[in-house]
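Work through the exercises below with the sequence and the coordinates at hand. Each task is followed by a solution that proceeds step by step.

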Amino acid sequence: MEDTENYGIEIPFSEEFWELAKETNDYLETLPINQEQMDKLVSYMIENVEKAKLEGYAVGFSHGAKIKPMELKEIPKSS
């Protein structure tokens, strides 16, 4: 039996995401806050991104599950 309790899907980030992350990091380094405050802020940001990924996947999956499955037809083999 397949282990569905510990199943996960890795969603890769785009180049645009990494560019924005770099810009955000550069900006954060200019803020007049101590390391403890910085760590807390970054922790919140990571938590928000993870939550957004999970909710985005769930919404997409939910919408996909509502679409009537297309009829499968045999694809003719090319000669």
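**Exercise 1.** State what share of the chain counts as buried, and describe its surface and its secondary structure.

*Solution.* In this predicted model, 3% of the 79 residues of the protein chain count as buried. The accessible surface of the chain comes to about 8100 Å², and 58% of that area belongs to carbon and sulfur atoms. As for secondary structure, the chain has two helices and zero strands.

**Exercise 2.** Classify the ring pairs that F13 forms with F17 and with W18, and give the exposure class of these residues.

*Solution.* The count of aromatic pairs in the model comes to three. One of them joins F13 and F17, with 3.9 Å centre to centre and 15° between the planes; because planes under 30 degrees apart count as stacked, this pair is stacked. For F13 and W18 the centres are 5.5 Å apart and the planes make an angle of 85°, an edge-to-face pair. Ring pairs thus link F13, F17 and W18 into a cluster. Turning to accessibility, F13 is partly exposed at 31%, F17 is partly exposed at 28%, and W18 is partly exposed at 48%.

**Exercise 3.** Locate E16, decide whether E16 is buried or exposed, and name the patch to which E16 contributes.

*Solution.* E16 is placed in helix 1, which covers residues 15-28. Its relative accessibility is 63%, and because exposed means over 50%, E16 counts as exposed. Together with E15, E19 and E23, E16 forms a negative surface patch.

Notes:
Residues are numbered from 1 along each chain as its sequence is written. This is a predicted model: local features need pLDDT of at least 70, side-chain atom pairs count only at pLDDT 80 or more; totals for chains, interfaces and linings use all residues. Side-chain values use heavy atoms; hydrogens and water are left out. Patches are made of residues with over 30% relative accessible area and no salt bridge: like charges are joined within 9 Å, nonpolar side chains (Val, Leu, Ile, Met, Phe, Trp, Tyr) within 5 Å. Accessible areas come from the Shrake-Rupley method with a 1.4 Å probe; for residues, only the protein chains shown count as cover. A salt bridge is a side-chain nitrogen of Lys or Arg within 4 Å of a carboxyl oxygen of Asp or Glu. Lys and Arg count as positive and Asp and Glu as negative; His and the chain ends are not counted. The place of a charge is taken as NZ of Lys, CZ of Arg, CG of Asp or CD of Glu. Helices (H or I, at least four residues) and strands (E, at least two) are DSSP runs, numbered from the N terminus. Buried means under 20% relative accessible area, exposed over 50%, partly exposed in between (1.4 Å probe, protein chains only). Rings of Phe, Tyr and Trp (its six-membered ring) pair if their centres lie within 6.5 Å; planes under 30 degrees apart count as stacked, over 60 as edge-to-face and the rest as tilted.
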